[in-house]
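Thanks for coming. I have one structure to go through today, and I will keep to what the coordinates show. Please have a look at it first.

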Amino acid sequence: MSGRVKVAGLVSLVLSLLLVSTAYQVQADPAVQLQVTGYAREMPPGAVMGAAYLTLINGSPRARRLQKVELPDNVQASAAMHTTEEVDGVSRMRPLTEIAVAERGRLEMRPGATHLMLHGVKLKAGELLALRLVFADGETLDLQIPVRSAVSAQHQHHHG
Ligand SMILES: [Cu+2]
């Protein structure tokens with residue numbers, strides 16, 4: 001009888017471990033399956049706007065929709081999502097309300113295309129910039145990206 005009690009206790013322990021690990025996995029998935037890297041460009045003295053470029057790699061089987069980018073370390077600053085389009089031979093920036101990354105898809109921001117426009121910041125090469133990405137489902141992802149000098153940002157652009 002006591003043997004049976006022990007087995008039942010073990011089974012319920014295993015079950016609760018399974019439940020814990022499943023719950024953990026559901027919570028951890030978005031961060032693990034969405035990889036975000038990027039950099040911001042150093043701003044010349046007196047510049048009022050900065051730019052940053054992220055690469056989002058979505059390894060999950062569902063699309064992700066980036067709806068807002070915040071600068072948690074600087075409440076005065078803001079980040080807007082933009083794309084650059086050429087209209088009648090003139091390139092113009094257009095604000096985006098959302099950036100979608102398809103399931104198992106990838107989105108690479110770069111100069112002359114989709115980018116983040118930063119206001120209220122001064123960015124020097126070698127610094128780190130903290131960003132908070134806010135997705136349509138309410139999930140957030142915090143990350144830090146390096147600030148690169150114009151020369152190394154250019155280098156990155158040419159060599160991938
Ligand atoms: Cu812009």
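Start at G50, whose bridge partner in β8 is L118. That pair belongs to a larger arrangement: β2 and β8 pair in the antiparallel sense over 4 bridges. Before I follow those strands, I should say that this is a predicted model, so I will come back to confidence at the end.

First, the layout. The protein has 2 helices and 10 strands. Along the sequence the order is α-β-β-β-β-β-β-β-β-β-β-α, with a helix at the start, the strands in a row, and a helix at the end. Of the contacts between residues at least 6 apart in sequence, 66% join residues at least 24 apart.

Back to β2, which covers residues 49–58. Besides β8, β2 pairs with strand β1, residues 34–41, in the antiparallel sense over 7 bridges. Within the pairing of β1 and β2, T37 stands opposite T55. Then there is strand β7, residues 106–108, which is joined to β2 by 3 bridges and runs antiparallel to it. I57 is in that pairing, with R106 in β7 as its bridge partner.

Now β8, residues 115–119. β8 also pairs with β4, antiparallel, over 5 bridges. Which residue of β8 is the bridge partner of A79? It is L118, and we have already met L118 as the bridge partner of G50. So if you want one residue to click on, L118 takes you to G50 in β2 and to A79 in β4.

β4, residues 78–87, has another partner. β4 and strand β5, residues 90–95, pair in the antiparallel sense over 6 bridges. In β5, S91 is the bridge partner of E86. The two strands form a hairpin with 2 residues between them.

One of the residues in that turn is D88, with a positive phi of about 50°. Most residues other than glycine have a negative phi. D88 is not a glycine, so it is worth a look on the screen. Is D88 buried or exposed? D88 counts as exposed, because it has 5 C-beta neighbours inside 10 Å, and the cut-off for exposed is 12 or fewer.

R104 is another residue other than glycine with a positive phi, near 50°. R104 lies in the loop between β6, residues 99–101, and β7. R104 counts as partly exposed, because it has 13 C-beta neighbours inside 10 Å.

Next, the core. How many residues does the largest nonpolar core have? The number is 18, and those with the most contacts inside it are A40, A52, L54, L116, L118 and L129. Strands β2, β4, β8 and β9 each supply at least two residues of this core. β2 gives the most, with 4 residues. In soluble globular proteins, nonpolar side chains tend to be buried together. For the protein as a whole, though, buried residues make up 16% of the 160 residues.

L54 is a convenient place to look at this core. Leaving aside neighbours within four places in sequence, L54 is in contact with V36, G38, M109 and L116.

Outside the strands, look at G126, in the loop between β8 and β9. G126 is exposed, because 10 other C-beta atoms lie within 10 Å. G126 and P146 are 20 residues apart in sequence, and their C-alpha atoms are 6.5 Å apart in space.

Last, confidence. The mean pLDDT of the protein is 83, and 74% of its residues reach 70 or more. Which element has the highest mean pLDDT, and which the lowest? β8 has the highest, at 98, and helix α1, residues 2–33, the lowest, at 52. Over residues 20–28, pLDDT stays under 50, and the model has 0 contacts for them beyond four places in sequence. Residues 156–160 also stay under 50, with 4 contacts beyond four places in sequence.

To close, here is what I would take from the picture. β2 pairs with β1, with β7 and with β8, and β8 pairs in turn with β4. Set against that, helix α1 has a mean pLDDT of 52. That is all I have.

Conventions
Residues are numbered from 1 along each chain as its sequence is written. This is a predicted model: local features need pLDDT of at least 70, side-chain atom pairs count only at pLDDT 80 or more; totals for chains, interfaces and linings use all residues. A residue is buried if 20 or more other C-beta atoms lie within 10 Å of its own, exposed if 12 or fewer, and partly exposed in between; C-beta atoms are placed from the backbone. Two residues are in contact if their C-beta atoms, placed from the backbone, lie within 7 Å. A nonpolar core is a set of buried Ala, Val, Leu, Ile, Met, Phe, Trp, Tyr and Cys residues joined through C-beta atoms within 7 Å. Two strands pair if DSSP finds at least two bridges between them. pLDDT is the predictor's confidence in each residue, from 0 to 100.
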